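Work through these exercises with the model open. Each task is followed by a solution in steps.

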Amino acid sequence: MADLTRPRSVDVNIRSGPQMREYVAIADRVAGESPGRVLDWGCGHGQISRLLRDRDVDVVSFDYLEGSEPDMVALEHFPEIEKHVSGDPVVLPFGDGQFDTVLSCGVLEHVQRPDDSLDELHRVLRVGGRLFIYKLPNRLSYLEAIARRAGMYYHGALPDDRVYDRRAATALIGAHGFHVDAFRRTNMLPLTIEHPLAWRLSGPIWNLNRALGRVPGVAMLATNLELDATAL
């Protein structure tokens, strides 16, 4: 049985070399889209906000904090960056059409009311604005299946966790005023590796991870789904 008491807000993601390689790739991809003003929705530790700022992107960081009043607080790991926080699980403290791009990286699968949250993201985006969704859990992931059988945490174990396949993910996004422009399956290897050797080997691990995803048919069992969408 999965240990559902295990803390989720640990910083393993930013202490893992292979995982940081993925965040760098995401920041490069978003920055390369001329994204305008970006909302980093559910910014977490703020690693992608920091990477986007390093690429001269105008990024606003936001995170949900249960029981919190709307406020601005410094990020623990990047204190030079302040994030907006709110205790409302859906409503964002921004006006209509304030952003050109919204980034969801490892967030949508955890929210309490995904339909309402997507409507809210659509509200704060301008018409024609972009929604980039990364690290959405793949229902067919072989790594999730191993974790479930090994009694480790897996997506879907907690009440608000959800997993998706291509049809469910594209239908969900499309039902809330977005046109899905691109869909990808990514990550064949575990990336959140805490061993110090993982930093030294992060390049080869990341390259192997990407190469495996290009093998015909193999990507069906990848860990994550990615979607690019446009607000209609």
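**Exercise 1.** Is D56 buried or exposed, and where does D56 lie?

Solution. This is a predicted model, and the exercise starts with one residue in it. Step 1: place D56. It sits in the loop between α3 and β2. Step 2: take its relative accessibility, 75%. Step 3: apply the cut-off. Exposed means over 50%. D56 therefore counts as exposed. Step 4: check the backbone. Phi of D56 is near 60 degrees, a positive value in a residue other than glycine. Most residues other than glycine have a negative phi.

**Exercise 2.** Find the place of S34, then decide: buried or exposed?

Solution. Step 1: S34 is in the loop between α2 and β1. Step 2: its relative accessible area is 66%, so S34 is exposed. Step 3: its phi is positive, about 50 degrees, although S34 is not a glycine.

**Exercise 3.** State which residues of α3 are buried and which elements they pack against.

Solution. Step 1: locate the helix. α3 covers residues 47–54. Step 2: list the buried residues. They are Q47, I48, S49, R50, L51 and L52. Step 3: draw the conclusion. Six of the eight residues of α3 are buried, so the helix is largely enclosed by the rest of the structure. Step 4: name the partners. The buried residues of α3 pack against α1 (12–15), α2, β1, β2 and β5. Step 5: look past the end of the helix. α3 is followed by D56, with its positive phi near 60 degrees.

**Exercise 4.** Trace the packing between α2 and α3 through L51 and I26.

Solution. Step 1: begin with L51, in α3. Its relative accessibility is 11%, so L51 counts as buried. Step 2: list its contacts beyond four places in sequence. They are M20, Y23, V24 and A27. Step 3: take a backbone distance. The C-alpha atoms of L51 and D28 are 8.4 Å apart, across 23 residues of chain.
Step 4: turn to I26, in helix α2. At 1% relative accessibility, I26 counts as buried. Step 5: list its contacts with the same exclusion of sequence neighbours. I26 touches I48, L103, C105 and Y134. Step 6: take the distance to S49. The C-alpha atoms of I26 and S49 are 11 Å apart in space and 23 residues apart in sequence.

**Exercise 5.** K135 is a residue of strand β6. Which side chains make polar contacts with the side chain of K135?

Solution. Step 1: assess burial. The relative accessible area of K135 is 15%, and buried means under 20%. K135 is therefore buried. Step 2: find the polar partners. The K135 side chain makes a polar contact with the side chain of E22 at 2.8 Å. Another polar contact joins it to the side chain of Q19 at 3.4 Å. Step 3: widen the search to contacts beyond four places in sequence. K135 touches Q19, E22, Y23, C105, G106, E109, N187, N224 and L225.

**Exercise 6.** Describe how I205 packs.

Solution. Step 1: I205 is in helix α8. Step 2: its relative accessible area is 19%, so I205 is buried. Step 3: beyond four places in sequence, I205 is in contact with P18, L189, I193 and A198. Step 4: measure out the link to Q19. I205 and Q19 are 9.8 Å apart, C-alpha to C-alpha, with their positions 186 residues apart in sequence.

**Exercise 7.** How many residues has the largest nonpolar core, and which have the most contacts inside it?

Solution. Step 1: the core has 28 residues. Step 2: L39, W41, L108, L131 and I173 have the most contacts inside it. Step 3: find the contributing elements. Those giving two or more residues include β1 (37–41), α4 (114–124), β6 (125–137) and α6 (166–174). Step 4: follow L131. Beyond four places in sequence, its contacts include V102, L118, I173, F178 and L227.

**Exercise 8.** What lines the second largest pocket?

Solution. Step 1: its volume is about 280 Å³. Step 2: it is lined by 17 residues, and R29, T186, N187, W206 and R210 lie nearest its centre. Step 3: α2 (17–31), β7 and α8 (202–213) each give two or more residues to the lining. Step 4: sort by class. The lining has six nonpolar, four polar and seven charged residues.

Methods:
Residues numbered from 1 in each chain as written. Predicted model: local features only at pLDDT ≥ 70, side-chain atom pairs only at ≥ 80, totals over all residues. Heavy atoms only, no water. Core = buried A, V, L, I, M, F, W, Y, C linked by side-chain atoms within 4.5 Å. Buried < 20%, exposed > 50% of the residue type's maximum accessible area, 1.4 Å probe, protein only. Helix = DSSP H or I, 4+ residues; strand = E, 2+ residues; numbered from the N terminus. Contact = heavy atoms within 4.5 Å. 1 Å grid on protein atoms, 1.4 Å probe; cavity = no way out; pocket = protein on both sides within 12 Å on 5 of 7 lines; lining within 4 Å. Points joined across faces, edges and corners; volume = space filled by probe spheres on them. Nonpolar A, V, L, I, M, F, W, Y, C, P; charged D, E, K, R; others polar. Polar contact = N/O pair within 3.5 Å; in protein donor to acceptor, adjacent residues only side chain to side chain.
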